[in-house]
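Trainee: Before we begin, could you take me through this structure slowly, and let me ask at each step what justifies the words you use?
Mentor: Gladly; let us put the structure in front of us and start.

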Amino acid sequence: VRSFYDNRRLVQQIQRAQESAEWWQRYDAYLKTTAWRLKRQAVLTRANNWCEGCAACPATQVHHKTYDHVGNELLFELVAVCDDCHRILHPDMDER
């Protein structure tokens, strides 16, 4: 028999998972906008299309150092990285 607290914990876990899924849907939609494409290009241009993580490979990704201002990021909150460096920054990316 589940206790009141076990049920409450389960409800909270479900709510957090749902909120996370909704956030990622909004984030994925934002990454398809012209505003993001322009910001992404500005970061790649700033880095001369070179990875700011390893300085050994061309940059293929733009990484958010914080998600606090998604949709209204400041350019210094973004870095140009190669695929390998991006995987280091997001080792659990495949779990999404």
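Mentor: Gln18 is found in helix H1, and since we are looking at a predicted model, every value I quote is computed from its atoms.

Trainee: Why is Gln18 called partly exposed?
Mentor: Its relative accessible area is 48%, and because the partly exposed class lies between 20% and 50%, Gln18 counts as partly exposed. Gln18 can also serve as a landmark, being 33 residues from Cys51 in sequence and 34 Å from Cys51 in space, C-alpha to C-alpha.

Trainee: What makes Arg9 and Asp6 a salt bridge?
Mentor: The closest N and O atoms of Arg9 and Asp6 are 3.1 Å apart, and because the cut-off for such a pair is 4 Å, the two residues form a salt bridge. Both residues lie in helix H1, three residues apart, about one turn of the helix. Arg9 is partly exposed at 44% relative accessible area, and Asp6 is partly exposed as well, at 32%.

Trainee: How many salt bridges does the structure hold, and which residue does Arg87 meet in one?
Mentor: The structure holds four salt bridges, and in one of them Arg87 meets Asp84 at 2.6 Å, N to O, which is within the 4 Å cut-off. Arg87 and Asp84 both belong to helix H3, residues 83-89, where they sit three residues apart, about one turn of the helix. Asp84 has 47% relative accessibility and therefore counts as partly exposed.

Trainee: How do you know that Glu52 and Arg46 are paired too?
Mentor: Their side chains come to 3.4 Å, N to O, and this again is within 4 Å, so the pair is counted as a salt bridge. Glu52 is partly exposed with a relative accessible area of 40%, and Arg46 is partly exposed at 39%. As a general point, side chains of opposite charge can pair when their charged atoms come close.

Trainee: Let us turn to the interior. Which residues make up the largest nonpolar core?
Mentor: There are nine residues in all: Tyr30, Trp36, Val43, Leu44, Ala47, Ala59, Val62, Leu78 and Ala80. Helix H2 (34-46) and strand S2 (78-81) each supply at least two residues of this core, and the largest share, three residues, comes from H2. Apart from this core lies another, of five residues, among them Cys51, Val81, Cys82 and Cys85.

Trainee: What does Leu44 touch, leaving out residues up to four places away in sequence?
Mentor: Leu44 touches Asn49, Ala59, Gln61, Val62 and Ala80.

Trainee: Which residues of H2 are buried, and why do we say that they line one face of the helix?
Mentor: The buried residues in H2 are Trp36, Lys39, Val43 and Leu44. Seen down the axis of H2, these buried residues fall within an arc of 135°, and so they line one face of the helix. What covers them includes helix H1 (4-30), strand S1 (61-64) and S2.

Trainee: How does the span of H2 compare with what is expected?
Mentor: H2 has 13 residues and reaches 18 Å from its first C-alpha to its last, close to the 18 Å expected at 1.5 Å a residue. H2 is followed by Asn48, whose phi is positive, near 55°.

Trainee: Why is Cys82 said to be in no disulfide?
Mentor: The nearest cysteine sulfur, that of Cys85, is 3.7 Å away, and because a disulfide needs the two sulfur atoms within 2.5 Å, Cys82 is not in one. Cys82 is buried, with a relative accessible area of 4%.

Trainee: What of Cys57, and how many disulfides are counted?
Mentor: For Cys57 the nearest cysteine sulfur, that of Cys54, is 4.1 Å away, and Cys57 is in no disulfide. Cys57 is partly exposed at 28%. By the 2.5 Å rule the count comes to zero disulfides.

Trainee: Finally, what makes His86 buried?
Mentor: His86, which lies in helix H3, has a relative accessible area of 14%, and because buried means under 20%, His86 is buried. Leaving aside its neighbours within four places in sequence, His86 is in contact with Gln61, His63, Val81 and Met93.

Conventions
Residues are numbered from 1 along each chain as its sequence is written. This is a predicted model: local features need pLDDT of at least 70, side-chain atom pairs count only at pLDDT 80 or more; totals for chains, interfaces and linings use all residues. Side-chain values use heavy atoms; hydrogens and water are left out. A nonpolar core is a set of buried Ala, Val, Leu, Ile, Met, Phe, Trp, Tyr and Cys residues joined through side-chain atoms within 4.5 Å. Buried means under 20% relative accessible area, exposed over 50%, partly exposed in between (1.4 Å probe, protein chains only). Helices (H or I, at least four residues) and strands (E, at least two) are DSSP runs, numbered from the N terminus. Contact means heavy atoms within 4.5 Å. The expected span of a helix is 1.5 Å times one less than its number of residues. The arc is that of the directions from the helix axis to the C-beta atoms.
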